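Dear colleague,

I am passing on the structure below, and I would be glad if you could look through it alongside my notes.

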Amino acid sequence: MTRLHPVRGEGAPDFKPIEADRLVEGAPMTETRLDYQQGDATYVGEWAADVGAWRVKYEEWEFCHLLEGVCELTPDGGQAQRFHAGDSFVIEPGFVGVWRVIAPMRKRFVVRI
């Protein structure tokens, strides 16, 4: 069993629209490519989205590193934070707000549930 797992966004693509009940603006599609999964607790891969905005409610912990594009996260009752290609950030459980894609984006992610 290998203990080394490259993360290159080479997993099988899974395309999905944002659910209508979460949509704030636009009609963005998302693409997820899972490169690594450990049980039901850890997921690693790449995710991409078109321009648009939607509501999010995080119950998981996520590390993100933007490879392309621009996004903005606005917590309910708080200030928007904008991220560009090359930026990294962490979203903690309990984050509730709006995820807005300003320029089509692609990120690498690690999710821990």
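What follows covers the pocket, a surface patch and the salt bridges.

Please keep in mind that this is a predicted model. Its largest pocket has a volume of about 750 Å³, and of the 22 residues that line this pocket, the closest to its centre are Arg-22, Thr-32, Trp-47, Tyr-58 and Glu-60. Strands β1, β3, β4, β5 and β9 each supply at least two residues of the lining, with the largest share, 4 residues, coming from β9. By residue type, the lining divides into 12 nonpolar, 2 polar and 8 charged residues.

On the surface, Trp-61, Phe-63 and Val-90 make a nonpolar patch of about 240 Å²; Trp-61, which lies in strand β6, counts as partly exposed at 32% relative accessibility.

The count of salt bridges comes to 11. In one of them the side chains of Arg-108 and Glu-46 meet at 2.8 Å, N to O, and this pair links strand β9 with strand β4 across 62 residues of the chain. Arg-108 is partly exposed, with a relative accessible area of 30%, whereas Glu-46 is buried at 5%.

Another salt bridge joins Glu-62 and Lys-107, with the closest N and O atoms 2.6 Å apart; since Glu-62 lies in strand β6 and Lys-107 in strand β9, the pair ties together parts that are 45 residues apart in sequence. Glu-62 is buried, with a relative accessible area of 5%, and Lys-107 is buried as well, with 3%.

Best regards

Definitions and conventions
Residues are numbered from 1 along each chain as its sequence is written. This is a predicted model: local features need pLDDT of at least 70, side-chain atom pairs count only at pLDDT 80 or more; totals for chains, interfaces and linings use all residues. Side-chain values use heavy atoms; hydrogens and water are left out. On a 1 Å grid over the protein atoms alone, a cavity is a set of points where a 1.4 Å probe fits but cannot get out, and a pocket is an open set with protein on both sides within 12 Å along at least five of seven lines; lining residues have an atom within 4 Å of a point. Grid points are joined across faces, edges and corners, and a volume is the space filled by probe spheres set on the points. Ala, Val, Leu, Ile, Met, Phe, Trp, Tyr, Cys and Pro count as nonpolar, Asp, Glu, Lys and Arg as charged, and the others, Gly among them, as polar. Patches are made of residues with over 30% relative accessible area and no salt bridge: like charges are joined within 9 Å, nonpolar side chains (Val, Leu, Ile, Met, Phe, Trp, Tyr) within 5 Å. Accessible areas come from the Shrake-Rupley method with a 1.4 Å probe; for residues, only the protein chains shown count as cover. A salt bridge is a side-chain nitrogen of Lys or Arg within 4 Å of a carboxyl oxygen of Asp or Glu. Buried means under 20% relative accessible area, exposed over 50%, partly exposed in between (1.4 Å probe, protein chains only).
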